[in-house]
Amino acid sequence: LGAGAAATPTYSGYTFWSSDFHISPIADLKDLFKPLGMHIIDKSLSGHCHLKKTCAKNLRVLTKQNGISLGRCPNNLRRDFFRSYVSDPQMTKVDAFLCHHACGLCEAFMPFNKSLIVVASTRYEIGRHEPKRWVLWNQNLRAIAANPRNVVAANNRYDAEYIKYFTGIQNVPVLPNFCAYTKVHYAPSKDQILIGPGRGIKDVLHQELQKRAAKSSFRFARIRDLYPHFEYSDLVKHRAIVLIPYQVSIMSIFEYYRMSIPLFVPSPDLLSSWQLRYRVMDERTWAGVFKNPKRNSPLQKDASYPVALDPNNEFDHDAIKYWIKFADFYQWPHIVQFNSWEELLTKLASADLNEISRKMQAFNIMTKEKLIQDWKAIFHKMFHGIPPAAQQPRPQLRNFDQAMAAQYNAKVSSSCVGESHHGA
């Protein structure tokens, strides 16, 4: 993506459907898409949808309970959703589906003659943890990726590499969230340095830092201790944020960076040690989320991935260190790393925080320019030669099995789980 994108035709007036379980990625895309003349139908299934006033109204078949896993009988749900919406007047105007969190929801949208945009914002087997379901999801994801009018991507490098590791899909672009909705920038006026993100900070590490800091001139406070309910304008008043991350990619960290707040993060070596000792990133793997960390994944890696180290091994320092280097806070420039609490205090004392913030702001400008060009290239890939469905509805087979065969050479089992792909 990106190469030659400036020369592509301009596309506008296309409609995207989203039934996401996370409000922020879609709010972010609306900001990005609106000036480009694109429209998103947002039928959110997130528990926080009331904050954006996007809660799904009159959504049929899909619910907050069944949307991530597709329920007790996934194949029946997929058939039911198709039957319910194949002639729906609003659906006939849709050109593409957006699947972020959870990206597996795109399995319900496969029989429609519309582009699929899968953008993983966490480990992509969400809702497909049982090995048989995960293997079937890999088959479907490969079929989705093979269609030139679809996109399989991630909003961070870690999840892009993770998809490659298990599926062998070679081209998994990174489409970061931009989070311009924060609408504020670094303007320090308070002494305390924040510890973020807003949740998931291990007490033992917080106490260690406070103990070291007591002998220094610095004062630290966890975001939620200082602000049970914060505005973005509160955060930018602080000199810096020290990250003790519970995950490798977190929307809050996108937001901090876009606000150009200087960030300090433990080095990969230190964070790997903390992971072994304290399980500090307890949401890095699904086994960690379920409080049952493992030494290996339930699936083998794809033969094409060049590195054998297992991303779900929570007991090997080398494996953890190799994989976490793809975390956002190690991929982005101008984030300061430290190898100990003492080094953190030393670096805070010597850092030109205003200069760091200026460099972050410059990187944000470049990031947005590239992101817009990448999305324009995606619009060209998906929509070249096809007018918006709102102007000219797309031809659509009305029979689920025929539609799946036509779109993906797939035969969906009459049982609850299972399908086969011709030539797979």
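1. A disulfide is a pair of cysteine sulfur atoms within 2.5 Å. With that in hand, start at cysteine 99 and cysteine 106: a disulfide joins these two, with 2.1 Å from S to S. Please keep in mind as you read that this is a predicted model. The torsion about the S-S bond of cysteine 99 and cysteine 106 is about 90 degrees, so this disulfide is right-handed. As for their surroundings, cysteine 99 has a relative accessible area of 1% and is therefore buried, and cysteine 106, at 0% relative accessibility, counts as buried too.

2. How many disulfides does a search of the whole structure find? The search finds three. It may help to recall the chemistry here: a disulfide is a covalent bond between the sulfur atoms of two cysteines. If you number the bonded cysteines in sequence order, the pairing reads 1-2, 3-6, 4-5.

3. Next, look at cysteine 49 and cysteine 55. Their sulfur atoms are 1.9 Å apart, and the two form a disulfide. The link of cysteine 49 and cysteine 55 is right-handed, with 95 degrees about the S-S bond. Is each partner buried or partly exposed? Cysteine 49 sits at 1% relative accessibility, so this residue counts as buried. Cysteine 55 sits at 30%, so that residue counts as partly exposed.

4. The remaining link to visit joins cysteine 73 and cysteine 416, whose sulfur atoms are 2.1 Å apart. This disulfide is left-handed, with -100 degrees about the S-S bond. The pair links distant parts of the chain, 343 residues apart: cysteine 73 belongs to the loop between β2 (39-42) and α2 (74-85), while cysteine 416 belongs to the loop between β11 (410-412) and β12 (419-421). Why does cysteine 73 count as buried? Its relative accessible area is 17%, and buried means under 20%. Cysteine 416, with a relative accessible area of 32%, is partly exposed.

5. Now for cysteines outside these links. At 2% relative accessibility, cysteine 103 counts as buried. Cysteine 179 is also in no disulfide, and the nearest cysteine sulfur, that of cysteine 103, is 18 Å away. Cysteine 179 has a relative accessible area of 0%, so this residue is buried.

6. Cysteine 99 deserves a second look, this time as part of a strand. Strand β3 covers residues 96-99; Ala96 and Leu98 point one way from this strand, Phe97 and Cys99 point the other way, and all are buried. Why might you expect such a pattern? In a regular strand the side chains alternate between the two faces of the sheet.

7. Which strands are joined to β3? Strand β1 (residues 15-18) is joined to β3 by three bridges, and these two run parallel. In β3, alanine 96 is the bridge partner of phenylalanine 16. Four bridges join β3 to β4, and this pair runs parallel as well. Here leucine 98 stands opposite isoleucine 117 in β4.

8. Let us turn to the aromatic rings. A pair of aromatic rings is described by the distance of the centres and the angle of the planes. The count for this structure comes to 41 aromatic pairs. One of them is tyrosine 124 with tryptophan 134, an edge-to-face pair at 6.1 Å centre to centre with 70 degrees between the planes. This pair links distant parts of the chain, 10 residues apart: tyrosine 124 is in the loop between β4 (115-120) and α3 (131-146), and tryptophan 134 is in helix α3. Tyrosine 124 is buried, with a relative accessible area of 1%, and tryptophan 134 is buried with 1% too.

9. Both of those rings take part in a wider arrangement. Ring pairs link Tyr124 and Trp134 into a cluster whose members also include Tyr158, Tyr162, Tyr165, Phe166, Tyr305, Tyr322, Trp323 and Phe326.

10. Finally, look for charges placed over rings. Lysine 52 lies over the face of tyrosine 181, at 4.9 Å from the ring centre. Arginine 60 lies over the face of tyrosine 85, where the distance from the ring centre is 4.1 Å.

Note on methods
Residues are numbered from 1 along each chain as its sequence is written. This is a predicted model: local features need pLDDT of at least 70, side-chain atom pairs count only at pLDDT 80 or more; totals for chains, interfaces and linings use all residues. Side-chain values use heavy atoms; hydrogens and water are left out. Buried means under 20% relative accessible area, exposed over 50%, partly exposed in between (1.4 Å probe, protein chains only). Rings of Phe, Tyr and Trp (its six-membered ring) pair if their centres lie within 6.5 Å; planes under 30 degrees apart count as stacked, over 60 as edge-to-face and the rest as tilted. A charge sits over a ring if NZ of Lys or CZ of Arg is within 6 Å of the ring centre and within 35 degrees of the ring normal. Two strands pair if DSSP finds at least two bridges between them.
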